[in-house]
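Got the viewer open? Here is a short tour, one selection at a time.

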Amino acid sequence: MRGPSPLPITPASMHSTVEVGLRLAATPASSTQAVATLAAIIAEHPGVGIRLAGVEPVGSRVHFTLAIALGCLEDVVSAGMASRVALTALHDIVESLRILDPALVAMPRPESIEAQSARALVARHRGIGEAALAALSEDLFSVG
Amino acid sequence: MITVLDGPDATPNPSQKRDAREEEDPRRVPNLVIDGIDERAILDQAPVFLADRVHWESPDGFNPTRVLFDLTMNAWTRHWSDGQCRVWVESGQGHAAREEIKRWCAQRDIEVFNARVEAGVPFRDLALVDPDLLGRLVAAAVDWLFPRMGSVRRRLVADLDLVEDQDIRSMMFLFVSDVTDRYDSGREGRLGRVNYLAYLIGKMRTWPQDLARAAYGRNAVADRQRRIQAVEVFAVGNHRAPNESELAGLLNITVTDLRAREETLTTLSGLRNSAALIGLDAEVDRVFVADAVTEGASLDYDRDAVLTRAILAAAHQGPKGPDPLGLASLYLTYWEGMSRADAARHLQVLPKTVTAAVTRVTGRIDAAGLD
């Protein structure tokens, strides 16, 4: 039995956002180039909501979980233009960042260490790129 | 005394002429013909009559044939795929038969649960029908019904977490075989005599509900229905979903009870959601299990990534362009661990829409590239 639902959307509102979780598994060797590519893709798709939802060191890698918004419920259901653009951005990220083994994952629960780390990093750095780079340095391990 | 409802027709008569006219009506479903023998002639080998049915549950696969010989009235039994015990007796003798059955079972220490009597039901003793012809008649009916019962199949898959589309044909065979003993071939409908296929189509309408009750138990299905209604009513008034304690209050149960009931349904859903997505080997199953389950397990980065790319390519390159609903449905179902009914509620669409969206995307996945 899973714990409290980590549902990425709020029911009963057509304006709720549908988000999917995408895990990027960075190694020290792949990190700099990958973060630059990610930042470029985000800049190319300014209308797509992408946030850092989780950061977690696992073995020799650091897992970043991105929450990528597919759009509001209405748009997703009707395959509106914004949702199509978001899906294209997600597709681009997955294709461009093969070096980070991108994989769909469940969204981290808000109370998890992974999610708390991400929130702390994002609060201290501007944008996902900087936060991700910080996560790869010792900065990650100083996050409460 | 047996009231025969529908006897064999040995010679042409006005009724047969009327049948011929009815069968030309394009609105009617066809009569089935096996080896040149019309369905009516096959089923007439066991004339239908009015009976009382005694119906109960016994543990350990008790065979009701054992009790038949000791009953003081004529009685028939037939095995149904649901495993419940059924004995038919002549009309008017159902209650007496129930008492005799309960007494007989009590003397032998055989438990009888929930014995009830259904009076005046049509019944035909299918043991009298040539088994080969009967089997082929049922198979022909399933062949005709299966491609035409798309909505029933979709409901079964959408509403029943443990049922997959590939299971439905064999389930349909058992269902048709079960309900054939109560087919009243003399019954009249708006378009004339209700033939075998028309009767089966009518029975199929309630089949998903019957199966849901059998799968989850009557109470679980009722619980789920009440829960859905309570959430909808609350959402209309408050523009949000109720939290756990509000929902428990609406259902007039404790939060503990609510959690226990939801756990039952979630467990059943989990069995389905951990199944392979597109018939991949068992090793791939774990890719679809949510992270709570795989915590601590070694991660197969490469396989996860290949699968993700295949799914995104399928969702991105649909015949009508990107398919966000397809990806959202698949994601909620497989990664967030929701049943299709739950995913449908969250996306505010019908369960069949989620099922169709998932099928659409998974159908486009290039499975060859995943090996």
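Two strands count as paired if DSSP finds at least two bridges between them. Keep that in mind for the opening stops, and remember that this is a predicted model.

Start by selecting residues 17-26 of chain A, which is strand β1. Nine of its 10 residues are buried, so the rest of the structure largely encloses β1(A). Now add residues 61-72 of chain A: this is strand β3, which runs antiparallel to β1(A) and pairs with it over 10 bridges. To see one position in that pairing, pick R23(A) and look across to T65(A) in β3(A). Next, bring in residues 103-105 of chain A, strand β4, which also pairs with β1(A) in the antiparallel sense, here over three bridges. G21(A) has V105(A) of β4(A) as its bridge partner.

Time for the nonpolar interior. Select L66(A), I68(A), L70(A), L90(A), L327(B), A328(B) and Y331(B): within the largest nonpolar core, of 70 residues, these touch the most other members. Colour domain 1 (10-44 + 127-206) and domain 4 (283-371) of chain B, and you can see why the core lies between them: both domains give residues to it. Then zoom in on L90(A); setting aside neighbours within four places in sequence, its contacts are L22(A), I68(A) and L312(B). There is also a second, separate core of 20 residues, with V138(B), A141(B), V176(B) and M204(B) among them.

Finally, show chain B whole. Its cartoon has 17 helices and nine strands, and 32% of its 371 residues count as buried. Of its contacts between residues at least 6 apart in sequence, 68% join residues at least 24 apart.

Terms used:
Residues are numbered from 1 along each chain as its sequence is written. Chains are lettered from A and ligands numbered from 1 in the order in which they are written. This is a predicted model: local features need pLDDT of at least 70, side-chain atom pairs count only at pLDDT 80 or more; totals for chains, interfaces and linings use all residues. Helices (H or I, at least four residues) and strands (E, at least two) are DSSP runs, numbered from the N terminus. A residue is buried if 20 or more other C-beta atoms lie within 10 Å of its own, exposed if 12 or fewer, and partly exposed in between; C-beta atoms are placed from the backbone. Two residues are in contact if their C-beta atoms, placed from the backbone, lie within 7 Å. A nonpolar core is a set of buried Ala, Val, Leu, Ile, Met, Phe, Trp, Tyr and Cys residues joined through C-beta atoms within 7 Å. Domain bounds come from an automatic or database domain assignment.
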